[in-house]
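Student: Could you take me through the surroundings of the ligand in this one? I'd like a close look at that part, along with any helix packing that ties in.

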Amino acid sequence: MADSHLSPLTSLEGRDPYGAYEDYRESGPVIWDESMQAWLVASYDLCRFVMEREDLFPPKNPNNPTFVKVRGGPRNVVIRQGDEHRATHILLLRLLSPKVSNQYREKYIREVVGGVIERFVNKGHAELGWDFAHALVIRSFLAVCGLDWRDDALAQKVYDLHMPIVAWIEGGAKGEGEAAMAAADEIRDFIMPIIEARKEGAGDDLISRMWREGPEIIRDFTAEDVYANVRELFLAGTDTTAIAIANAVYRLVKDADTRQALIEGGPDKIATFVEEVLRLYGAVQFRFRSARTDQELGGRHIRAGDTVIVINAAANRDPARFACPAHLDLNRQRARQHLAFNAGPRTCVGAALARVELIEAVTQILERTRNLRFDPAGEPPAFGNLLLRSHEPLNVLFDQA
Ligand code: HEM
């Protein structure tokens, strides 16, 4: 194929991918990648087009019953199609709207972030990837679900059960997935009684609100809808948000000038910083779609059934869309137009919640620490992995503010 001079996508694992993404865009912006047996899309306009046109490019999910089971069953928003998907998507957007997410921020997330920082702030050193970013995201989700976020054993159990499922999905969702199935059974045994107990829909937590608002939007709404979608919100929202927070913290540690500008600029600048970090580093580098029919895309002939990989992280540094794309610009106009949360009918339903967690995390790190710097004695961060990428570990030293 004519695209064989370009770095295969799989060869970018564990190394900075942005030079290769630029090559893809300049040579394409649609190119064939042997390593993934897929078309790669690397420009902003075409990534957006593919994401918005689900009629032409439907999502590509593994055709495997274990995949449905470990995601909580067929009523999960990611599994649902057509009108049923639309209804579930609208329900979740409503349950995690900017207004509701701000209420969760005031009620729980501020306290969770403060509580997590409290655990290490006296020590003057920390690993802010696991001990801060991941710790606060898992606990925020427990809090939003009306569970005890201070219960470390619960947080650990939830994460331990999540891991085999993530490992199986990231490994290509192949075979029976025994460990993932066993973890899914255990999660179900744990969470179903809690879901049933909230059936009256009386509380302000996510589960009660899903019971209350679900039947207005979804036909024949049952505990299976609540279960499948609470499971999906945890799966889709935990590692992604933790990774985005780790990337934001990485930039704070590395860039003292930006730190100072944020302290002086306050909430508006912090909000723009968060968008710029999402644009520059993303959390989810790319997504999978398939072509419904034979069609042209970016001058290439795509056949029905071909896999198409939309590289959102490449779109987010497209100079045709973003001036000085590699530069973190706290004055960037329309900074939210990046594709870190996708676009179109499958756009992220948790974007508002992720944003408040990111903003609260950045705000409190700035408030509670001074002279933040990498620990020369600790392992330095690397922009690891391939699909979900973060700069970790984050071994830092600091003075208490
Ligand atoms: C910075 C953090 C996050 C990033 C970068 C992110 C990114 C994304 C992306 C790219 C998609 C599209 C997937 C696709 O179409 O193939 C998506 C979908 C989704 N996200 Fe997020 N996400 C984040 C946080 C969250 C949170 C906090 C939640 C929930 C609590 C969440 C729940 C979902 C769900 C349920 C979907 C599927 C929507 C559908 O299929 O209709 N995400 N997210």
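Tutor: Let's start with the ligand shell and then move on to a helix pair. Keep in mind that this is a predicted model, where local features need pLDDT of at least 70, side-chain atom pairs count only at pLDDT 80 or more, and totals for chains, interfaces and linings use all residues. Numbering runs from 1 along each chain as its sequence is written, and side-chain values use heavy atoms, with hydrogens and water left out.

So, the shell: 27 residues surround the ligand (a residue counts if one of its heavy atoms lies within 4 Å). H85, H89, R287, R289 and C348 are the closest. Three of these side chains have polar contacts to look at (N or O pairs within 3.5 Å). H85 puts a side-chain N or O atom 2.7 Å from a ligand oxygen, R287 does so at 2.7 Å, and a polar side-chain atom of H89 sits 2.6 Å from a ligand oxygen.

As for who supplies the shell, α4 (82–95), α10 (223–254), β4 (287–290) and α14 (351–368) each give at least two residues (helices are DSSP H or I runs of at least four residues, strands E runs of at least two, numbered from the N terminus). α10 gives the most, with seven.

Now follow α14 away to α12 (267–281): the two pack at about 115 degrees, axes 10 Å apart (axes are lines fitted to C-alpha atoms over the stretch in contact, with angles from 0 to 180 degrees between N-to-C directions). The contact (heavy atoms within 4.5 Å) includes I270 and F273 of α12 and L358 and V362 of α14.

Key:
A polar contact is a pair of N or O atoms within 3.5 Å; within protein, one must be able to donate a hydrogen and the other to accept it, and residues adjacent in sequence count only if both atoms are side-chain atoms.
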